[in-house]
Amino acid sequence: MAQPVPLLVVTAVQLAAQAAGHAVALRRGRAFDVPFLTGSPEHLVRDWLWFGTAYSAPPYLLVPQAWALARLLRGPDDRARWVLRRIGAGLTVGYLSERSVRARVRPGGLDPVETPVVVAGWGCAAAMALLAGRPGPAVSAAGSGGPARGR
């Protein structure tokens, strides 16, 4: 069966953007800041464990994403695509909810370091959700919306 190469590339780049976003957030003190909930720069690492930073997701989202990428590198896998579709959709909304992200994509808020990290992470999250949901050799014919049995 054919490999979903675009999905592999987008997922790998998205993980790299997460790593870069984490490094930038730690260096610049960018805690998460979403509606109704804000982190503190003093507790950035602790907050990252549960809520992420302004530019990176928490580990409980990154680990399944890395797991799904590893599964897809071995061959087509319905469960891995299912995981990536949901993580990609969640990250897309998550990037949109972050105040710092919205500031970095506005014309007056462009930053030579933060804006490329944000654009790469956000764009790849959206692409990951779309590509993982596309019909392909690794998508279940049943179309139940859940991961296929087997493998």
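Select Leu 49, which lies in helix H2, residues 44–50. The model on screen is a predicted one. Leu 49 counts as partly exposed because its relative accessible area is 40%, which falls between the limits of 20% for buried and 50% for exposed.

Keep Leu 49 selected and add Leu 37, Trp 50, Phe 51 and Tyr 60. These five residues make a nonpolar patch of about 550 Å² on the surface.

**The loop between the strands**

Move to Phe 36. Phe 36 sits in the loop that joins strand S1 (33–34) to strand S2 (37–38). Is Phe 36 buried or exposed? Phe 36 counts as exposed, because its relative accessibility is 88% and the limit for exposed is over 50%. Now look at the backbone of Phe 36: phi is near 75°, a positive value in a residue that is not glycine.

**The whole chain**

Zoom out and colour by secondary structure. The chain has 6 helices and 2 strands. Followed along the sequence, they come in the order α-β-β-α-α-α-α-α. Of the 151 residues, 43% count as buried.

Switch on the surface. The accessible surface of the chain is about 8,000 Å², and carbon and sulfur atoms hold 68% of that area. Then consider contacts: among those with a separation of 6 or more, 68% link residues that are 24 or more positions apart.

**The nonpolar core**

Hide the surface and select Leu 7, Tyr 55, Leu 72, Leu 84, Leu 91 and Met 128. In the largest nonpolar core, which has 28 residues, these six touch the most other members. Which elements give two or more residues to this core? They are helix H1 (5–28), helix H3 (59–74), helix H4 (78–97) and helix H6 (114–133). Helix H6 provides the largest share, 7 residues. In soluble globular proteins, nonpolar side chains tend to be buried together.

Now centre the view on Met 128. Leaving out residues up to four places away in sequence, Met 128 touches Leu 7, Val 10, Thr 11, Gln 65, Leu 84, Ile 87, Gly 88 and Leu 91.

**Salt bridges**

Show the charged side chains next. How many salt bridges does the structure hold? There are 7 salt bridges in the structure. Side chains of opposite charge can pair when their charged atoms come close.

Start with Arg 46 and Asp 47. These residues form a salt bridge in which the closest N and O atoms are 3.4 Å apart. Arg 46 is partly exposed, at 48% relative accessibility, whereas Asp 47 is buried, at 8%.

Go on to Asp 77 and Arg 71. In this salt bridge the closest N and O atoms are 2.5 Å apart. Asp 77 is buried, with a relative accessible area of 2%. Arg 71 also counts as buried, at 16% relative accessibility, because the limit is under 20%.

Then select Arg 104 and Glu 114. Their side chains meet in a salt bridge, with 2.6 Å from N to O. Arg 104 lies in helix H5 (residues 99–104) and Glu 114 lies in helix H6, so the pair ties together parts that are 10 residues apart in sequence. Arg 104 is buried, at 17% relative accessibility, and Glu 114 is buried, at 1% relative accessible area.

With this pair still selected, add Arg 28, Arg 30 and Asp 111. Salt bridges with shared partners join Arg 28, Arg 30, Arg 104, Asp 111 and Glu 114 into one network.

**After helix H6**

Select Arg 134, found in the segment after H6. Arg 134 is partly exposed, with a relative accessible area of 49%. Add Leu 7, one of the core residues picked earlier. Along the chain, Arg 134 and Leu 7 are 127 residues apart, and 9.8 Å separates their C-alpha atoms.

**Confidence**

For the last stop, colour by pLDDT. The chain averages a pLDDT of 89, and 87% of the residues score at least 70. Where is the pLDDT below 50? Select residues 138–144: the pLDDT is below 50 over this stretch, which has 9 contacts in the model beyond near neighbours in sequence. Where pLDDT is low, the predicted coordinates should not be read in detail.

Note on methods
Residues numbered from 1 in each chain as written. Predicted model: local features only at pLDDT ≥ 70, side-chain atom pairs only at ≥ 80, totals over all residues. Heavy atoms only, no water. Core = buried A, V, L, I, M, F, W, Y, C linked by side-chain atoms within 4.5 Å. Buried < 20%, exposed > 50% of the residue type's maximum accessible area, 1.4 Å probe, protein only. Helix = DSSP H or I, 4+ residues; strand = E, 2+ residues; numbered from the N terminus. Contact = heavy atoms within 4.5 Å. Patch = residues over 30% accessible without salt bridge, like charges linked within 9 Å, V, L, I, M, F, W, Y side chains within 5 Å. Areas by Shrake-Rupley, 256 points an atom, 1.4 Å probe, with all protein chains shown as cover. Salt bridge = Lys/Arg side-chain N within 4 Å of Asp/Glu carboxyl O. pLDDT = per-residue confidence, 0-100.
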